[in-house]
Amino acid sequence: MELLSQVLASEPTSQVLGKEPIVTFAILLVVILVVPILFDRLRLPGLVGLVCSGVVLGPSGWRLLESESPMITLLSDIGLVYLMFIGGLEFNLKVFRKQKIRSLVFGSLTFSLPLILGTLVGRFCGFGWHTSILIGALLASHSLLAYPIISHLGVVNNEAITMTMGATIFNDLGTVLILSVCIASSQAGVFSVDQIVPIVALIISYALIVLVGFDWAGKEFFRRSGDDEGNKFLFVLMSVFLAAVVAQMMGLEKIVGVFLAGLAVNEAVGEGPVKEKLVFIGSVLFIPIFFVDLGSRIDLPAFFDGNSTIKLLLLIFCGLITSKFIAALLAKLVYNYNWQETLTIWSLSIPLVSTTLAVALGGYRSGLLPPLVLNSVIVLVVMTAALGPWLTSVVAASTTGLTCSSVQEESPSNISEQPRQSAHEHLTIVVPLYNPHNQRYLIEMAALLACQCNGKILPLAIAHATAQMDTPQLEVAWQRSERLLAKAIVQSQLLGAKAEPLLRIDDAFAPGISRAAREQKANLIIMGWGRRTGLRARLLGNVIDSVLWASHCPVAVARLVESPKKIQRILVPIENFMNPTLTPVKFAQMLADANQSHMTILNVCDRRTSSSKIAARRSHLSVLVSKLALTNPPEIQIMAHENVAQAILQAARLYDLIVLPFIRNRTSPGGLAMSDVTNQLVSQLTCSIIILGEPQHNQKLLFSKNTPSNTATL
């Protein structure tokens, strides 16, 4: 105690705490947990709060965080690597291929114009050519920070928006390549064509090796690994850091290799649990620490002491807004977009987050960007992160101008026009059995649906086993599965439903369920879960989460608090009005017909919506529902409320069952996507809940032979 008192007396407490790695890490965990939640309540992006926290806790504030400490440097570097890697991994290559020409044209416009204006601003402020060009490159990239907003509005497939999404890869890749060229040429001491050509050739060669080699290696490894998610996860991490090491050995910036590695393994990883875990770890821990570290690097006294930083900030901000608007305007003239589409793509291209921050830090560490520029860029990122999504929400709020043109692709309506196979004439429901406590209600619900559609139930039990078929554990699992199946068959017969038991030996539950459903050509899987909170691993568990990813048909995850036969009132909220998921509506209507229940469709709009627009919403939704040709048309309610989740909770008090679509968040680099309304509802609803997940390719859920072919679904 005496020694501790002497230490505290000799140094300020904040400095003592800042030198303790455990204390520093604990502070970081508190910040990345609490601050984004608080800023989300304030309707501000979480990264703004993280950067501001870094300013408060860094050298310009309380001095609790030291940016140059080994631990923070390591965690921040990993966050930087993750930031660029997720940027490549999250990129939608399918969207780019469908809109590659327009994406390249708009990408060229929204890249070259900010690059030119940014370079001119740098030269005007007295910087050298390397620094000026790098400033222009920083303004050229953009992040789709407002993607959750346009996804919520259901206008993601609009041509103008998909063009902007596709242009992201062109801009980000161009920005990181310019960083490598500037660093390499600055080390050579000259900025001439003779020096640039070999550097560009080296970068192109390296890019081809990574994109082709890692893509082939990733697909081959994933094919050979089967269902071993752990090895797949480690392979992807190894690829990322190996690409970074090789890039540094070749004299290139490591973020170039990391971004290319993300693009290379993009298709191999695909959409599934491996990608979700990769994004989750980076978004929850490392990337927020990177943002906090960036905030701690802002020198507030230097920022406000002179006019140079404020002058540079205003100039590059004006250059960014102007150049992005001109690029959007030129795209309007070339492709004849309306003004709402033009303003929307302009607002989407304003936020500068992931690539801009990564390149700015890389330029600062290489000595190309002075602290003056780094401070300005970090503040600029905070400004655009708040301004861009706000503009998007304003200009895209009235979606009438964003639905006139959309990407032509094989939509579910086109799929449904194909002739139905004879195997799909009757509803086949797979009911995985594991928990005896919820088995009764699950079989009862499956029986109601099967009897309504002249279908059959396939109770499925998985006997878990390894490669050896003579182990005692397998015998125990086999006997337990037989008991579950026997009980399910008796219950199905009492309910008057046709049932065929399935007993399968598999080394994993989730793949066994998905494969059995595919082999039996099932139309629906019904699974259950308990009352635990949290939608993903905490609520659904790894098994159900994996089935939702892998299944070829819709999956109904049910939490039933009473017998399905007692359900008399069913509520189906439709959050996404312009492109609603009507599969839950058909599912709920089939259940209502089987139980002689009443169904209501609820859509929540903003409280400020006028009565005429509410009437138009009701009319539009009525037209969509009428195309389903339901025997008993449901009631349609439009509720004006400022909070969607609270409105649904308020309405749910009068209902026995809520049917919700399972919609995953598209996590932007940094994990700062808007929260999912479904996530909020599950933890607060007390009635029965069914979350209906649809497969990646929108396999149709057959309800009856009379289902119309022009049904509008996602």
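Trainee: What makes Tyr82, Phe85 and Phe286 a cluster?

Mentor: In this predicted model, ring pairs link Tyr82, Phe85 and Phe286 to one another as a cluster, and the structure holds 9 aromatic pairs.

Trainee: Why is the pair of Tyr82 and Phe286 called stacked?

Mentor: The ring centres of Tyr82 and Phe286 are 5.9 Å apart, with 10° between the planes; because centres within 6.5 Å make a pair and planes under 30 degrees apart count as stacked, the pair is stacked. Tyr82 belongs to helix 5 (residues 70-89) and Phe286 to helix 15 (residues 273-296), so the pair ties together parts that are 204 residues apart in sequence.

Trainee: Why is the pair of Tyr434 and Phe509 called edge-to-face?

Mentor: For Tyr434 and Phe509 the values are 5.7 Å centre to centre and 75° between the planes, and because planes over 60 degrees apart count as edge-to-face, that name applies to this pair.

Trainee: Why does Tyr434 count as exposed, and why does Phe509 count as partly exposed?

Mentor: Tyr434 has 54% relative accessibility, which is exposed because the cut-off is over 50%, whereas Phe509, at 26%, is partly exposed because its value falls between the 20% and 50% limits.

Trainee: How do you know that Lys487 is partly exposed, and what patch does Lys487 join?

Mentor: The relative accessible area of Lys487 is 48%, so this residue of helix 23 (residues 472-494) is partly exposed, because exposed would require over 50%. On the surface, Lys487 gathers with Arg440, Lys565 and Lys566 in a patch of positive charge.

Notes: Residues are numbered from 1 along each chain as its sequence is written. This is a predicted model: local features need pLDDT of at least 70, side-chain atom pairs count only at pLDDT 80 or more; totals for chains, interfaces and linings use all residues. Side-chain values use heavy atoms; hydrogens and water are left out. Patches are made of residues with over 30% relative accessible area and no salt bridge: like charges are joined within 9 Å, nonpolar side chains (Val, Leu, Ile, Met, Phe, Trp, Tyr) within 5 Å. Accessible areas come from the Shrake-Rupley method with a 1.4 Å probe; for residues, only the protein chains shown count as cover. A salt bridge is a side-chain nitrogen of Lys or Arg within 4 Å of a carboxyl oxygen of Asp or Glu. Lys and Arg count as positive and Asp and Glu as negative; His and the chain ends are not counted. The place of a charge is taken as NZ of Lys, CZ of Arg, CG of Asp or CD of Glu. Helices (H or I, at least four residues) and strands (E, at least two) are DSSP runs, numbered from the N terminus. Buried means under 20% relative accessible area, exposed over 50%, partly exposed in between (1.4 Å probe, protein chains only). Rings of Phe, Tyr and Trp (its six-membered ring) pair if their centres lie within 6.5 Å; planes under 30 degrees apart count as stacked, over 60 as edge-to-face and the rest as tilted.
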